There are 2 protein chains.
Amino acid sequence: MVTIKDVARHAGVSVTTVSRVLNNSQHPISPETRERVLAAIKELGFYPNAMARSLQLNETKTIGLILPDIANPYYPGIVRGVEDVAHEKGYTVILCNTDRSRERTKEYLRVLREKRVDGVIFTGGGAVEDASREHFFEQGSVATVVIGRHKADLPAVQVDNVRAAREAVEHLLRLGHRRIATVTGPAVSTTARDRLEGYRRAMEAEGVDIEPGWIIEGDFEFNSGYQAVAQMPLSGNQRITAIFAHNDLMAIGAIKALYERGIKVPEEVAVVGFDNIPLASFVTPALSTVAVPVYDLGVTAMRVLAELLAGRKVPPVTTLATHLEVRESSILK
Amino acid sequence: MVTIKDVARHAGVSVTTVSRVLNNSQHPISPETRERVLAAIKELGFYPNAMARSLQLNETKTIGLILPDIANPYYPGIVRGVEDVAHEKGYTVILCNTDRSRERTKEYLRVLREKRVDGVIFTGGGAVEDASREHFFEQGSVATVVIGRHKADLPAVQVDNVRAAREAVEHLLRLGHRRIATVTGPAVSTTARDRLEGYRRAMEAEGVDIEPGWIIEGDFEFNSGYQAVAQMPLSGNQRITAIFAHNDLMAIGAIKALYERGIKVPEEVAVVGFDNIPLASFVTPALSTVAVPVYDLGVTAMRVLAELLAGRKVPPVTTLATHLEVRESSILK
DNA sequence: TATGTTATGGTAAACGTTTTCTTTTTGTTC
DNA sequence: GAACAAAAAGAAAACGTTTACCATAACATA
């Protein structure tokens, strides 16, 4: 590998001078010298060693992005948002899939720490956060931003799940539905709790009593939505006429189950999901859903992190707006 | 930040000794000394500085993963595969989205080079490869593995697109279809060319003449599949009875268009896609498709790269098997 | 002439590790 | 008790940068 020394020798100057032209330093350099250095750099194919540089400057221009699983369709949008802004600001992103495993999370935190990343963006909540707090923040801090709900005392970027869920259910109520079931996320998920709360508030505001069979716990996976349908009253005059699922995957599972039972969506049962994963617009009928601005969540998180790294104050919480994307599954053409 | 010196002082030994226990060196260390060092490390919360280490050792245990767009549902599976193996082998992954832009690709290659990544995995072909060859490999090499077809002289991990496409079409022929249309990828894509070739060979082997209107060029996006349907003969006895799309997104677009025209899938028109993105099993009817083992592509690519980095010989091409995932869109229950 | 000042450039320490080479300590053998 | 070997530990150079500080030359100023 060619080093700054080689360049210096080749250009007939000191390494100091090479370093100066490399970094556009304040220090005056004569045009001829600069030219010679630039020529030497080109000629030798010199690429400064970022590690030596980082060692000296104590910054790596690298951040860690920790999430449960990139293969979950909710996350790629976030990642892309983070990455775009990171790239624009000269940062590089290390991707860490934790599968929500505490072990693996800690493992990654150790590596990120050893690699001296300048900052970290977390998403995926829960156990991950605990591990992080313990491990990362308590022993010397690394700038960190969290996407989503969290208990830690860290800057967060999130959406208002209670409100968004409420709006989704209000939409169904406005269409005349009263008997509305909901497929929730796992009870431990704060996100799921918020979405359930939104459902409750909308129903309550409308004076509709929620019947016991209407709330079915899922796990955010396709299958749990599919299976939830089996537990719902679908015939007789006790039957439900709409389903609000806590995410799109479960909503699509529910649609599939309804389809297989010969129940028409949206004619007999309307369905609304949550997240607006890419898939949502492609299924038939196209899924009405709460659009979570995943890309913007990523973009904003990285922006906040960059502010933090620049030593500026950042808001403790940034809340991004959702909007209801009404498609075919909840409304007749 | 606490350094190895602090640990040494705290444990009353030299940095050499600390380094030795840190790296489980051959050099004998008395149990008591080791204990003292370990205790000091723990007590001070010491995390070795990977950059200083890398500078010395000339390896970063980091690799770059270059792809067009993580938000494209084809890629997360690959990324996950790469990441899993990388993690297992002690590597960290830097994610680079290029949007197939030559500019951005070169930009990233520069950064990866400066950060002295140990290796690179490329996927997404085309322009990217050119940029890479030029920039990366010609001036001092970095271990590299390519996923998919490529022209460069680099170890590759791929599937046999010709064969896989042929099998997909043979499946349709076996079901009795003769008038089979195909929605291709962009003409410049080698992948698309291979898949078209497979279609041709299957038809030819069966003695079916391909009519001009049957081959419609798409661009691998949902919309082009949707729009392709408009150009197909769908009524009269010249009508096609099956569609082979070069990827799932286009296949799903086609299904949507057929649905809107009141044409039943698979009863009136069968559809087969390619890739087996997660979405494929969730749409209605569930999409029959050629299952590309994306996760395994990632896993294998990283394994090959690791071999390369260990200085071992690797096969120039590793071909992974595809299989046809027959679901509802091409066969009646 | 002595003294600054400015423009340009260089020397060498520092960043935090690993590792080669030495040194010290301990133990064994005759 | 001398001689040596083995075990344990340390000193210092090296990795490739950045930068504080210093040096020189040219020129202006009093």
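# Questions about a protein–DNA model

Q: Which helices each supply at least two residues of the surface near DNA strand C?
A: Both protein chains take part here, each with two helices. Please keep in mind that this is a predicted model. The helices are α2 (15-22) and α4 (50-57) of chain A, together with α2 (15-22) and α4 (50-57) of chain B.

Q: Which helix gives the most to the surface near DNA strand C?
A: Let's look at what the helices contribute. The top contribution to this surface is four residues, and the helix that supplies them is α4(B).

Q: Which residues are the closest to DNA strand C?
A: In total, 25 residues surround DNA strand C. Of the strand's atoms that come within 4 Å of the protein, sugar and phosphate account for 54%. The closest residues are Thr16(A), Arg20(A), His27(A), Thr33(A) and Ser19(B).

Q: How many residues of the surface near DNA strand C are polar?
A: We can sort this surface by residue class. Three of its residues are charged and nine are nonpolar. The polar residues number 13.

Q: What is the distance from a backbone N or O atom of Ile4(B) to a phosphate oxygen of DNA strand C?
A: Chain B approaches both bases and phosphate of this strand, so to picture it we use the 3.5 Å cut-off for polar contacts. A backbone N or O atom of Ala52(B) lies 3.4 Å from a base nitrogen, and a side-chain N or O atom of Gln56(B) is 3.2 Å from a base oxygen. For the backbone of Ile4(B) and the phosphate oxygen, the distance is 2.7 Å.

Q: Is Ser19(B) buried, partly exposed or exposed?
A: Ser19(B), one of the closest residues to DNA strand C, lies in helix α2 of chain B. Its relative accessible area is 28%. Because that value falls between the 20% and 50% limits, Ser19(B) counts as partly exposed.

Q: Which residues come nearest to DNA strand D?
A: Around DNA strand D there are 26 residues. Sugar and phosphate account for 58% of the strand's atoms within 4 Å of the protein. The residues that come nearest are Ile4(A), Ser19(A), Arg20(B), His27(B) and Thr33(B).

Q: How far is a base oxygen of DNA strand D from an N or O atom in the side chain of Arg20(B)?
A: Bases of DNA strand D are approached from both protein chains. From chain A, a polar side-chain atom of Thr16(A) lies 3.2 Å from a base oxygen, while a polar backbone atom of Ala52(A) is 3.4 Å from a base nitrogen. From chain B, the side chain of Arg20(B) has an N or O atom whose distance to a base oxygen is 2.6 Å.

Q: Which helix gives the largest share of the surface near DNA strand D?
A: α2 and α4 of chain A and α2 and α4 of chain B each supply at least two residues of this surface. The largest share is four residues, and it comes from α4(A).

Q: How far apart are the C-alpha centres of domain 1 and domain 2 of chain A?
A: Now let's step back to chain A as a whole. It is divided into domain 1 (4-48), domain 2 (60-159 + 294-321) and domain 3 (161-292 + 324-330). Between the C-alpha centres of domain 1 and domain 2, the separation is 37 Å.

Q: Is the β-α-β crossover from β8(A) to β9(A) right-handed or left-handed?
A: Strand β9 (residues 270-275) of chain A has six of its six residues buried. It pairs with β8 (residues 242-245) in the parallel sense over three bridges, with Phe244(A) opposite Val272(A). On the way from β8(A) to β9(A), the chain passes through helix α11 (residues 248-260), and the crossover is right-handed.

Q: Which residue of β10(A) does Val272(A) stand opposite?
A: β9(A) runs parallel to strand β10 (residues 288-291) of chain A, and four bridges join the two. Across from Val272(A) stands Ser288(A).

Q: Is the peptide bond from Thr284(A) to Pro285(A) cis or trans?
A: Pro285(A) sits in the loop between β9 and β10 of chain A. Omega for the bond that leads into it from Thr284(A) is near -5°, and the bond is cis.

Q: What is the phi of Asp99(A)?
A: Asp99(A) is found in the loop between β2 (92-97) and α6 (102-114) of chain A. At 43% relative accessibility, it counts as partly exposed. Although it is not a glycine, Asp99(A) has a positive phi of about 55°.

Terms used
Residues are numbered from 1 along each chain as its sequence is written. Chains are lettered from A and ligands numbered from 1 in the order in which they are written. This is a predicted model: local features need pLDDT of at least 70, side-chain atom pairs count only at pLDDT 80 or more; totals for chains, interfaces and linings use all residues. Side-chain values use heavy atoms; hydrogens and water are left out. A residue is near a molecule or strand if one of its heavy atoms lies within 4 Å of it. A polar contact is a pair of N or O atoms within 3.5 Å; within protein, one must be able to donate a hydrogen and the other to accept it, and residues adjacent in sequence count only if both atoms are side-chain atoms. Ala, Val, Leu, Ile, Met, Phe, Trp, Tyr, Cys and Pro count as nonpolar, Asp, Glu, Lys and Arg as charged, and the others, Gly among them, as polar. Domain bounds come from an automatic or database domain assignment. Buried means under 20% relative accessible area, exposed over 50%, partly exposed in between (1.4 Å probe, protein chains only). Two strands pair if DSSP finds at least two bridges between them. A crossover is right-handed if, with the strands pointing away from the viewer, the path from the first strand over the helix to the second runs clockwise.
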